[in-house]
Amino acid sequence: MADTEIPPSVNATEKVVESPVAPITSTSTSAAPASTESVLATPPPSTTSTATSAPTTAPTTTTTTTTNAPAPAAPTPTAAAAAAKSTQNHSYTSPNIKFEDNPSGYLKAKIESLIYWEYPKKSATFLASTLGLLVLTQYYSVLQIVAGIFTLATGINWLYVNLHKQSQRIISNKSSQDIVNPHNHRLQVQKTYIPRERVLRAAHLTTDVAEVVTQHVTRLVLIEDNFRSLVAFIVSFFVWTLAKYVSTKYLVGFFIISAFTLPRLYLQNKELVDAHVARQSQNARQLAEQYGSVANQKAREIGCQVKDFIQKKTGKATASVNQETKKSE
């Protein structure tokens, strides 16, 4: 026992920490009286208090603390509601209305779907085709446009068909009887290019649309709604006056561009525009209340003055008539 070197308790502690599942050995506790050097080399009790206080037969457990990276903060309900509201304000969903049930509502929904860009591809196609047609008719007549389209289509197909036939004769060494038109499958099919069902449906739809438009115009002309008829009268008079100085095609183009831009801009900035309109309306109402009383007071004063003036003139005329009557008597 005297020749055996007793390992310091620090090594025993480090061994326990490295292998937490191994039981604590009794080497350091079963030794004889420790020397002064081993006592001085022993670390403070606070560093090995957990290991020495445990029973010799129980395994030492080690607690590991893992620090995770902070997870991204979830959006608050207020932010989510604001984002949903913003998305909702910037989009438009047309109501599902059938033409047979409500023709006027159906046409209104279709027009709003176009000008509010519910389907961007459809709105962009309609806008581009309409503006393109206006630009073409500005420089070319309708007859020139139709003849030009026919000329281009026929010329391109003539070149394509003849090149295809010559390639069959030269490259494939086919005889003239075996050479076929590349559009032969389209020419041989027996079908109608204008289906009667679609024509009839288009005719019925056009008639119904014209009927709806006629009904609305009749209601405006016959003053069914006073305010709407007044607005229609002002707009019509403005267009009538402006058409004297500006070309009709420019007016139509300006109307189309405005119809496809202003409603969409209003939909994207609805809250700001509504707040500005409400503020200006309140200011106008205050001004009307402020100056309305002054105007009413002035009108009463002018009315009283006119009434007094008429009474004076009437009294003088009556007096002169009486005097003339007395003289004649």
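At 61% relative accessibility, above the 50% cut-off, F227 counts as exposed. In this predicted model, F227 lies in helix α10, which covers residues 226-242. F227 also belongs to a nonpolar surface patch of about 500 Å², made together with V231, V235, F238 and V239. The spacing of such residues invites a short reminder. An α-helix has 3.6 residues a turn, so residues three or four places apart point the same way. UniProt, in an unreviewed entry, places a "transmembrane region" at residues 227-243, and gives the same feature for residues 139-161 and 249-267. In the model, the span 227-243 is 94% helix and 0% strand, with its end C-alpha atoms 24 Å apart.

Just ahead of α10 comes a loop that repays a careful look. I223 is placed in this loop, between α9 (residues 196-221) and α10. The phi of I223 is near 55°, a positive value in a residue other than glycine. Most residues other than glycine have a negative phi. With a relative accessible area of 47%, I223 is partly exposed, because that value falls between the 20% and 50% cut-offs. E224 forms a salt bridge with R219, and the closest N and O atoms of the pair are 3.7 Å apart. A search of the whole structure finds one salt bridge. Its two partners fall into separate accessibility classes: E224 counts as exposed at 58% relative accessibility, whereas R219 counts as partly exposed at 41%.

The fold as a whole is easily described. The protein chain has 12 helices and zero strands, and reading along the sequence therefore gives an unbroken run of α elements. Of the 329 residues of the chain, 11% count as buried. The accessible surface comes to about 27600 Å², and carbon and sulfur atoms account for 63% of this area. Among contacts between residues at least 6 apart in sequence, 58% join residues at least 24 apart.

Helix α7 (residues 142-170) offers a good view of helix geometry. Its 29 residues reach 42 Å from the first C-alpha to the last, close to the 42 Å expected at 1.5 Å a residue. Within α7, I145, V161 and Q168 are buried, and what covers the buried residues of this helix includes α6 (120-139). The UniProt record also has a "transmembrane region" at residues 139-161; in the model, this span is 91% helix and 0% strand, and its end C-alpha atoms lie 32 Å apart.

Another place to pause is I256, in helix α11 (residues 248-268). I256 counts as buried because its relative accessibility, 11%, is under the 20% cut-off. Setting aside residues up to four places away in sequence, I256 touches L127, T130, L131 and L134. I256 and I115 are 141 residues apart in sequence, yet their C-alpha atoms are 9.3 Å apart in space.

The loop between α5 (103-115) and α6 holds W117. Here, too, the backbone is of interest: phi of W117 is near 55°, a positive value in a residue other than glycine. W117 is partly exposed, with a relative accessible area of 24%.

Note on methods
Residues numbered from 1 in each chain as written. Predicted model: local features only at pLDDT ≥ 70, side-chain atom pairs only at ≥ 80, totals over all residues. Heavy atoms only, no water. UniProt positions renumbered as here; feature names shortened; annotations may be inferred. Helix = DSSP H or I, 4+ residues; strand = E, 2+ residues; numbered from the N terminus. Buried < 20%, exposed > 50% of the residue type's maximum accessible area, 1.4 Å probe, protein only. Contact = heavy atoms within 4.5 Å. Patch = residues over 30% accessible without salt bridge, like charges linked within 9 Å, V, L, I, M, F, W, Y side chains within 5 Å. Areas by Shrake-Rupley, 256 points an atom, 1.4 Å probe, with all protein chains shown as cover. Salt bridge = Lys/Arg side-chain N within 4 Å of Asp/Glu carboxyl O. Expected span 1.5 Å × (residues − 1).
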